[in-house]
Every structure is written in C-alpha cells, then in structure tokens.
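Here's a quick briefing on a single protein chain, grouped by topic so you can follow along in your viewer. Have a look at the fold before you dig in.

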Amino acid sequence: MNTRSETPTPSGPVRTCVGCRKRASRSALVRLVLDAAARVVVDPGRSAPGRGAWLHPSRECLDLALRRRAFPRALHAAGPVDTDAVGEWFDRNAPAAPDAPEENESSTKKAGWKPMGTR
Ligand SMILES: [Zn+2]
C-alpha cells in the first residue's frame with residue numbers, strides 16, 4: 001500500500017546509499033566495486049561482478065561513507081581500501097560546491113579553444 005502520493009515509489013530495483021543510508025532507485029545511484037588492487041572504483045555499467053556499494057553521486061554521501069568506513073564493510077573487503085579513484089571520480093562528476101566561481105578557468109579554456117573537425 002502506498003499512502004504517500006507525493007513521493008512516488010521507484011518502479012525499478014531499489015538500493016540503499018552507503019553514505020546517507022537512504023533508499024533510492026538503482027538508476028539514481030552510482031555503483032562502486034572493489035578492483036583486484038583493493039581500490040574502490042566506479043562501475044559505470046553497474047554490472048561488474050562481485051559485491052557493489054551504492055552511493056548517490058554527491059560529495060556529501062561520499063564523505064559520509066568515508067567517515068563511517070562504509071566501503072570496506074559494504075564491499076566485504078578484508079582490510080583497508082583505497083578510495084582515491086572514487087574521490088577523483090566525484091571531483092569530476094559531483095563538484096563539492098556547485099556555486100563555486102570558475103571564471104578564471106573558463107576564460108583560459110575559451111582563449112585556448114580551437115574548433116576541430118573543420119573538414
Ligand atoms: Zn546518499
């Protein structure tokens with residue numbers, strides 16, 4: 001029975017974010033897996049074998065997960081895991097401060113930008 005009409009129940013499979021512990025539809029979360037070198041890496045296809053940890057694509061959730069050491073537990077790692085790679089992924093895909101000014105960077109990008117594929 002669904003009594004809350006304002007929050008529609010996701011139709012697909014639901015997973016729990018290891019950061020904030022909220023449940024969300026699989027497609028709204030990022031899947032993280034452990035590679036052979038005990039590094040936590042993003043599984044873009046969400047189909048890598050083995051255990052996966054699910055996380056919102058949000059820096060807050062990553063920080064929460066790191067703080068409570070959720071990754072070794074969720075991924076059943078024997079020891080400490082290397083989260084540098086996933087930190088880099090979040091730097092690129094989930095900026096910490098969405099309102100951070102980036103004017104100096106974009107101006108250099110514009111100055112050095114050259115059109116490609118003109119043939
Ligand atoms: Zn979360």
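The sheet to look at here is an open one of three strands, in the order 4-3-5, with antiparallel pairing. Its edge strands are strand 4 and strand 5, each of which pairs on one side only. On average, neighbouring strands in this sheet are turned by 35° against each other, direction ignored. Keep in mind that this is a predicted model: local features need pLDDT of at least 70, side-chain atom pairs count only at pLDDT 80 or more, and totals for chains, interfaces and linings use all residues. Residue numbers start from 1 along each chain, as its sequence is written.

**Ground rules for the terms**

- Helices (H or I, at least four residues) and strands (E, at least two) are DSSP runs, numbered from the N terminus.
- Two strands count as paired if DSSP finds at least two bridges between them.
- A residue is buried if 20 or more other C-beta atoms lie within 10 Å of its own, exposed if 12 or fewer, and partly exposed in between, with C-beta atoms placed from the backbone.
- Two residues are in contact if their C-beta atoms, placed from the backbone, lie within 7 Å.

**The chain overall**

- The protein chain has five strands and four helices, and from the N terminus on they run β-β-β-β-β-α-α-α-α.
- Of the 119 residues in the protein chain, 19% are buried.
- Among contacts in the protein chain with a separation of 6 or more, 54% join residues 24 or more positions apart.

**Strand 3 and its partners**

- Strand 3 (residues 30–34) pairs with strand 5 (residues 52–55) in the antiparallel sense over four bridges; there, Val30 has Leu55 as its bridge partner.
- With strand 4 (residues 40–42), strand 3 pairs in the antiparallel sense over three bridges, and Val33 is matched with Val41.
- In a regular strand, side chains alternate between the two faces of the sheet.
- Strand 3 shows that alternation: Val30, Leu32 and Leu34 point to one face and are buried, while Arg31 and Val33 point to the other and are not.
- Helix 3 lies across strand 3 and strand 4, at about 35° to strand 4 (axes are lines fitted to C-alpha atoms, for helices over the stretch in contact, and angles run from 0 to 180 degrees between N-to-C directions).

**The nonpolar core**

- The largest nonpolar core (a set of buried Ala, Val, Leu, Ile, Met, Phe, Trp, Tyr and Cys residues joined through C-beta atoms within 7 Å) has 18 residues, and those with the most contacts inside it are Val18, Ala53, Leu55 and Phe71.
- Two or more residues of this core come from each of strand 3, strand 5, helix 1 (59–67), helix 2 (70–74) and helix 3 (84–93).
- Leaving out residues up to four places away in sequence, Val18 touches Ala53, Trp54, Leu55, Ala65, Ala70, Phe71 and Ala74.
- As background, nonpolar side chains tend to be buried together in soluble globular proteins.

**Helix 1**

- Cys61, Leu62 and Ala65 are buried in helix 1.
- Looking down the axis of helix 1, its buried residues fall within an arc of 100° (taken from the directions from the helix axis to the C-beta atoms), so they line one face of the helix.
- These buried residues of helix 1 pack against strand 5, helix 2 and helix 3.
- On the face of helix 1 turned away from its buried side sit the exposed residues Glu60 and Arg67.
- Arg69 follows helix 1 and has a positive phi, near 50°.

**Loops and the N-terminal segment**

- Arg21 has a positive phi near 65°, in a residue other than glycine, and its place is the loop between strand 1 (14–16) and strand 2 (23–25).
- Arg21 is exposed, with 12 other C-beta atoms within 10 Å.
- Ala38 is not a glycine either, yet has a positive phi of about 60°; the hairpin of strand 3 and strand 4 that holds Ala38 has five residues between the strands.
- Ala38 counts as partly exposed, with 14 C-beta neighbours inside 10 Å.
- Ser11 sits in the segment before strand 1 and counts as exposed, with 7 C-beta neighbours inside 10 Å.
- Ser11 and Arg26 are 15 residues apart along the chain, and their C-alpha atoms are separated by 9.9 Å.
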